[in-house]
Amino acid sequence: GVNAILAPEQPSSMTGFRAICGCTEPENAKIGFGCGPSISTAHVLLEGWDTNIIGAPLEDMVRIMGPKFPVEVGSVGYDGYEALFVPVAPKVQALNVEGLALDFYRSFNKSWHQPWQYFDKVSDINTSGLIPCSATLGYVETTASSYLN
């Protein structure tokens with residue numbers, strides 16, 4: 001048989017990834033997440049979305065962990081997909097007015113199109129319940145910068 005203990009759920013793929021790398025406090029950026037040459041007590045990460053685990057964060061973990069760096073052993077058979085969600089009304093309107101497919105990422109290139117005319121303005125949104133991206137647990141500056149640039 002297998003003896004399994006379910007560790008506390010991690011709030012993001014990146015914190016889960018840090019946990020299987022042996023970081024003792026995978027959510028605590030103030031102390032460097034407690035990463036070092038320790039032995040990991042977490043051995044399996046299910047449902048890891050790798051968009052936040054590429055580039056510099058991954059290179060840092062490889063450098064810190066060395067030969068203890070986790071190995072991907074494969075899929076459990078359930079693929080997940082990231083996609084852009086656009087409500088039906090603006091999607092249909094843009095398609096009917098100018099043949100603009102708002103469910104296709106290239107339609108958001110402001111050099112070619114003006115997709116913002118089919119959406120509410122930021123000033124129309126009540127932002128009182130929002131917090132800066134940098135205040136969230138999943139924020140990785142290099143990922144945010146590459147997305148915005």
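A residue is taken as buried under 20% relative accessible area, exposed over 50% and partly exposed in between. In this predicted model, Phe 119 has a relative accessibility of 30% and therefore counts as partly exposed. Phe 108, with a relative accessible area of 33%, is likewise partly exposed.

These two residues also meet through their rings. The ring centres of Phe 108 and Phe 119 are 6.2 Å apart and the planes stand at 35°, so the pair is tilted. Both Phe 108 and Phe 119 lie in the loop between α3 (88-98) and α4 (141-148), so their pairing ties together parts that are 11 residues apart in sequence. The count of aromatic pairs comes to 2. Phe 104 and Tyr 105 also form a tilted pair, with 5.1 Å from centre to centre and 55° between the planes. Phe 104 is partly exposed at 40% relative accessibility, whereas Tyr 105 is exposed, its relative accessible area being 57%.

Turning to the interior, the largest nonpolar core is made up of 10 residues, including Met 14, Phe 17, Ile 20, Phe 33, Ala 42 and Met 65. Two or more residues of this core come from each of α1 (13-20) and α2 (56-65), and α1 gives the most, with 4 residues. Apart from this core lies another, of 5 residues, among them Val 86, Leu 100, Leu 102 and Tyr 118. Within the largest core, Ile 20 is worth a look in its own right: leaving aside residues up to four places away in sequence, Ile 20 touches Ser 40, Ala 42, His 43, Val 44, Leu 45 and Pro 70.

Terms used: Residues numbered from 1 in each chain as written. Predicted model: local features only at pLDDT ≥ 70, side-chain atom pairs only at ≥ 80, totals over all residues. Heavy atoms only, no water. Core = buried A, V, L, I, M, F, W, Y, C linked by side-chain atoms within 4.5 Å. Buried < 20%, exposed > 50% of the residue type's maximum accessible area, 1.4 Å probe, protein only. Contact = heavy atoms within 4.5 Å. Phe/Tyr/Trp six-rings, centres within 6.5 Å; stacked < 30°, edge-to-face > 60°.
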